[in-house]
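Colleague: Please take a close look at the interior of this model, cavities and nonpolar packing together. I would like one connected account.

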Amino acid sequence: MDTMRERFASTASRLLDDDPRLAVVLAEIGKDGFADAGRAHPDRVINVGIREQLLVGVGGGLALTGMRPIVHTFASFLVERAFEQVKLDFGHQGVGGVLVSAAGSYDWPAGGFTHMAPGDVALMDTLDGWTVHVPGHPDEAEVLLRDAAAAGDDSVYVRLSAHANAAPRDIAPGRFLTVREGRGGVVVAVGPMLDGVLAAVEGLDVTVLYATTVRPFDGRALRAATGAAAAGTDAARTDAARTDVVLVEPYLAGTSTAAANDALADVPHRVLGLGIARRELRRYGTMEEHLAGQGLDPGSLRESIALFLDGRR
């Protein structure tokens, strides 16, 4: 299976062939994947070198001319280092584009904390009107990339990862997918967290929703799922059929708890946000070791989810 980044390069290269409005802007990272596209479209594959603020600024400038820029580098450089340019050159100018990141949380632990950005989605949440996609498989990444490229002048952030689920799901951009149904609570698994969540809740009577688009947050799907769960619970145990919701995100823990609470503002509920903690793990190791250290391996997830559903967390 190819990786999400490899699928991004092949998909974006084909899109350049089909749509003269598209342009790809790079900052060294990922340039090899666009070698052929650069020869075919030298005016629409632009490598600015190791200049991430310029990377985003060029993308914003292209958008001002009516182009649809696809801007790519690691999340720590694209969102964190160049955040002012994202805020001003896209948001303040009122133009849209597609930002495509990689190495969001623990894709490359050997790179150290300079190459990790577990707070990227939370940071993008401070801006107005951005759609945020978090695919969990290369096939899903292609679906979401094609949708983003065709999304008129909308602003879209696509978060790619080396962490992937074993198989793709039949996703629809903007919608949560119901993977299984239960009556004891709702677990929302974001992108590459799905396989771990399904392993963690084996034998538990819970609904699992799969989210590959986290902004806008699909509050309607969450409300529908929590309504079904609450209808099947023991009211005496759950205080007037209260619904429990667990969010499992591959970035900063609690990033989507406010969105979930807003969606359920008139419904008795509790929300637990699981994800990357604010404390920095000052180690290298592997991605799997970092996920386990953050409590996001299946065993740790099961313990956290079970304790929460039992009312002990």
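Modeller: What follows covers the confidence of the model, then its cavities, then its nonpolar cores.

The structure is a predicted model. Its chain has an average pLDDT of 94, and 95% of the residues score at least 70. Residues 235-240 are an exception to keep in mind, with pLDDT below 50. Beyond near neighbours in sequence, that stretch makes five contacts in the model.

On the empty space: a probe the size of a water molecule, rolled over the atoms, shows where it is left. Three cavities of 30 Å³ or more are counted here, and the volume of the largest is about 80 Å³. Its lining includes Gly104, Ser105, Tyr106 and Asp107. Arg159, Ser161 and His163 also line the largest cavity, as do Pro192, Pro250, Met287 and Leu291. Sorted by class, the lining consists of five nonpolar, four polar and two charged residues.

On the packing: the largest nonpolar core contains 44 residues. Those with the most contacts inside this core are Leu99, Met124, Trp130, Tyr157, Val188, Val214 and Leu222. Helix H3, residues 52-64, contributes the most to the core, with four residues. Val214 can serve as a sample of the contacts: leaving aside neighbours within four places in sequence, this valine touches Val121, Val132, Val134, Val190 and Tyr251. Another core, of 29 residues, lies apart from the largest one. Met116, Val197, Leu274 and Ile276 are among the residues of that other core.

Notes. Residues are numbered from 1 along each chain as its sequence is written. This is a predicted model: local features need pLDDT of at least 70, side-chain atom pairs count only at pLDDT 80 or more; totals for chains, interfaces and linings use all residues. Side-chain values use heavy atoms; hydrogens and water are left out. On a 1 Å grid over the protein atoms alone, a cavity is a set of points where a 1.4 Å probe fits but cannot get out, and a pocket is an open set with protein on both sides within 12 Å along at least five of seven lines; lining residues have an atom within 4 Å of a point. Grid points are joined across faces, edges and corners, and a volume is the space filled by probe spheres set on the points. Ala, Val, Leu, Ile, Met, Phe, Trp, Tyr, Cys and Pro count as nonpolar, Asp, Glu, Lys and Arg as charged, and the others, Gly among them, as polar. A nonpolar core is a set of buried Ala, Val, Leu, Ile, Met, Phe, Trp, Tyr and Cys residues joined through side-chain atoms within 4.5 Å. Buried means under 20% relative accessible area, exposed over 50%, partly exposed in between (1.4 Å probe, protein chains only). Helices (H or I, at least four residues) and strands (E, at least two) are DSSP runs, numbered from the N terminus. Contact means heavy atoms within 4.5 Å. pLDDT is the predictor's confidence in each residue, from 0 to 100.
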